[in-house]
Structures are given as structure tokens and as C-alpha cells.
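Please keep the sequence and the 3D view open while you go through these points. They are numbered so that you can take them one at a time.

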Amino acid sequence: MPVNALYRDDFYLSTCEAVVTAVHDDGGIELNQTCFYATSGGQPGDTGQLERADGTKIALGQTKHGAGKDVIIHVPLENEPRPEVGETLVLHVDWPRRYRLMRMHTACHLLSVICSYPITGAAVGEEESRVDFDMSETIDKDEVTAKLMELVGQNHPVYLQWITDDELAANPDIVKSKNVRPPMGLGRVSLVCIGENSSIDSQPCGGTHVSETQEVGQIHIAKIEKKGKENRRFRIRFGTPGEEA
């Protein structure tokens, strides 16, 4: 039975109850529902704890998909206790980590607004993210930082709209990425929209994001690297140049 991925509709949900539906030989745990994001689209999966009825905790090292996007496996750290199938657990996402990833992922979307080139790769991290663009032009990182911070300061709303897989297939041009497949296969696809009536951006994405651009906070382009004749890698970090967030 497909898991109910609660995070898809509420990025700020950090705890919930769930029932164990399977425990794999390697310790991986499946649940009937979860607020834990599973690694996908360049964003790492959530970590945190599963709390048992007696108060003991099962620490998770990663959350990942199984054979399909409708399967989410919560992977405990080594030597953690194993729950029983049918057991009810309380899930606790490592919220500070998740929130940084939400801020970073939203920053990556803002960067794709400023640099309107096809995306060839991306990775979201807690301290640094990278976005690769199919471009050969020279561009000033301080100028990009200033434009990013302008979008952050304007505090545009960030929200989801849902379209069907068929609607996305009929409008392939809305996908900016050249080699990352949008989150299809579940019958509906989430569009991350920025600005009133998507005035700033609208992009298929299954990741987690903040609800307004101001939440991204202070960010900057730390480096722009040349990766081939027509590929540029932008590295985004929190804080201002020379300082940590």
C-alpha cells in the first residue's frame, strides 16, 4: 500500500504518528504515513527519531525511496532497536536541519529565476548548495548575489499548485532541468510557485520549501566554476561572503 507522504502537502509538519507496515532485513522501516522527506531531486532525505510507546527512540540516519516513489524507507543508525510491524510510533524530524534545507532549496529556485538557463545538475546541502547551468557566458557572482537578495527581501509568497502527470506531459517546456526528471508517477505533480499568481516562477519540484522568500535569509554566491565549455556551477552559501550563517 502506498505511503501517505504528509510532507508533500505540509512542508512545516515535523511530527506525526504512524504505524509500522514493514521492517526490512537491513533494518529499514516502512510506515503507513510519514512527515520525513525521502532523498530525491538533489535534496537529501530527513534524519530524526522514531519514538516508541515506552519513550525509547530509534535514531534515523537517512530516509530514502524504495522501488518506487510510493515507497519510503526510514533507515535507522547502526545498532538501533527494531520496531514491530503494527507498532505505533511518533515521528520527530530533525527540524533545524530540515529548515536549513528548505531555505537552501528555495534559494536554488530563486537562482534559476536570475539565471534563466537550462539546469544540468543540482544538489541541496545544509551549508552549501550547487546549481549547474548550461551556459557559456561570464557572469559576476556579486551581481547575482545582489539580485538574489533583492528577491529574498521582496518577500514573495512560495506555494504549491498541483497539476496532473498528463498536464505536465502536455507542457514539457515548463521544466527547467535538462536531466532531472520531474516528480511524476503518482498521478499528480507539484509546481513550486513564487510570487502572486506565479509572477516570479513556477517549476515542477517535489522538494520542500519555505513559505515566503524572506525566510531564505542572507545568502550569497560563494563561487562560480567553469565545468566544461558550456557549463557553469554556482555555489550558494548562507551568510554574507566571508562569514558563516
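**Notes on the predicted model**

1. Start with the two helices. The axes of α1 (residues 95–114) and α2 (residues 141–153) come within 10 Å, and they cross at roughly 120 degrees. That angle makes α1 oblique to α2, because an angle counts as roughly perpendicular from 65 to 115 degrees and as roughly antiparallel over 145. The crossing of α1 and α2 is right-handed. Please remember that this is a predicted model.

2. Which residues meet where α1 and α2 are in contact? From α1 come Ala107, Leu110, Leu111, Val113 and Ile114, and from α2 come Val144, Lys147, Leu148, Leu151 and Val152. Sorted by class, this contact of α1 with α2 has nine nonpolar residues, no polar ones and one charged one. Lysine is in the charged class, so Lys147 in α2 is a residue to look for when you colour the contact by class.

3. His156 lies in the loop between α2 and β11 (158–164). Is His156 buried or exposed? It is buried, because its relative accessible area is 15% and the cut-off for buried is under 20%. The side chain of His156 makes a polar contact of 2.6 Å with the side chain of Gln154. Leaving out residues up to four places away in sequence, His156 touches Leu151, Ile194, Gly195, Ile200, Ser211, Glu212 and Thr213. Leu151 is also one of the α2 residues that meet α1.

4. Thr208 is another loop residue, placed between β13 (201–204) and β14 (219–226). Its relative accessibility is 0%, so Thr208 counts as buried. The side chains of Thr208 and Gln43 are joined by a polar contact of 2.8 Å. Beyond residues up to four places away in sequence, Thr208 touches Phe11, Tyr37, Gln43, Arg98, Leu101, Met102 and His105. For orientation, α1 covers residues 95–114, so Arg98, Leu101, Met102 and His105 can be looked up in that helix.

5. Thr34 belongs to strand β4 (residues 33–34). With a relative accessible area of 0%, Thr34 is buried. Its side chain makes a polar contact of 2.8 Å with the side chain of His74. Apart from neighbours within four places in sequence, Thr34 is in contact with Val3, Asn4, Ala5, Leu6, Tyr7, Cys16, Ile72, His74 and Leu91. The C-alpha atoms of Thr34 and Thr88 are separated by 12 Å, and these two residues are 54 residues apart along the chain.

6. Thr88 also appears in a pair with Ala53. Ala53 and Thr88 are 35 residues apart in sequence, and their C-alpha atoms are 7.4 Å apart in space. Where is Ala53 placed? It is in the loop between β5 (48–51) and β6 (57–65). Ala53 has a relative accessible area of 81% and is therefore exposed.

7. His92 is in strand β8. At 27% relative accessibility, His92 counts as partly exposed. The side chains of His92 and Glu51 are joined by a polar contact of 2.7 Å. Not counting residues up to four places away in sequence, His92 touches Ser14, Thr15, Phe36, Thr47, Gly48, Gln49 and Glu51. The C-alpha atoms of His92 and Leu60 are separated by 9.9 Å, with their positions 32 residues apart along the chain.

8. Two residues should be checked for their backbone angle. Asn79 has a phi near 70 degrees, which is a positive value in a residue other than glycine. Asn79 is found in the loop between β7 (72–76) and β8 (88–93), and it is exposed, with a relative accessible area of 74%. Ser198 is not a glycine, yet its phi is positive, at about 60 degrees. The place of Ser198 is in the loop between β12 (188–194) and β13. How does Ser198 count at 21% relative accessibility, buried or partly exposed? Ser198 counts as partly exposed, because buried means under 20%.

Definitions and conventions. Residues numbered from 1 in each chain as written. Predicted model: local features only at pLDDT ≥ 70, side-chain atom pairs only at ≥ 80, totals over all residues. Heavy atoms only, no water. Helix = DSSP H or I, 4+ residues; strand = E, 2+ residues; numbered from the N terminus. Buried < 20%, exposed > 50% of the residue type's maximum accessible area, 1.4 Å probe, protein only. Polar contact = N/O pair within 3.5 Å; in protein donor to acceptor, adjacent residues only side chain to side chain. Contact = heavy atoms within 4.5 Å. Axes fitted to C-alpha atoms, helices over the stretch in contact; angles between N-to-C directions. Parallel < 35°, antiparallel > 145°, perpendicular 65-115°, else oblique. Left-handed = near helix turned anticlockwise from the far one by under 90°.
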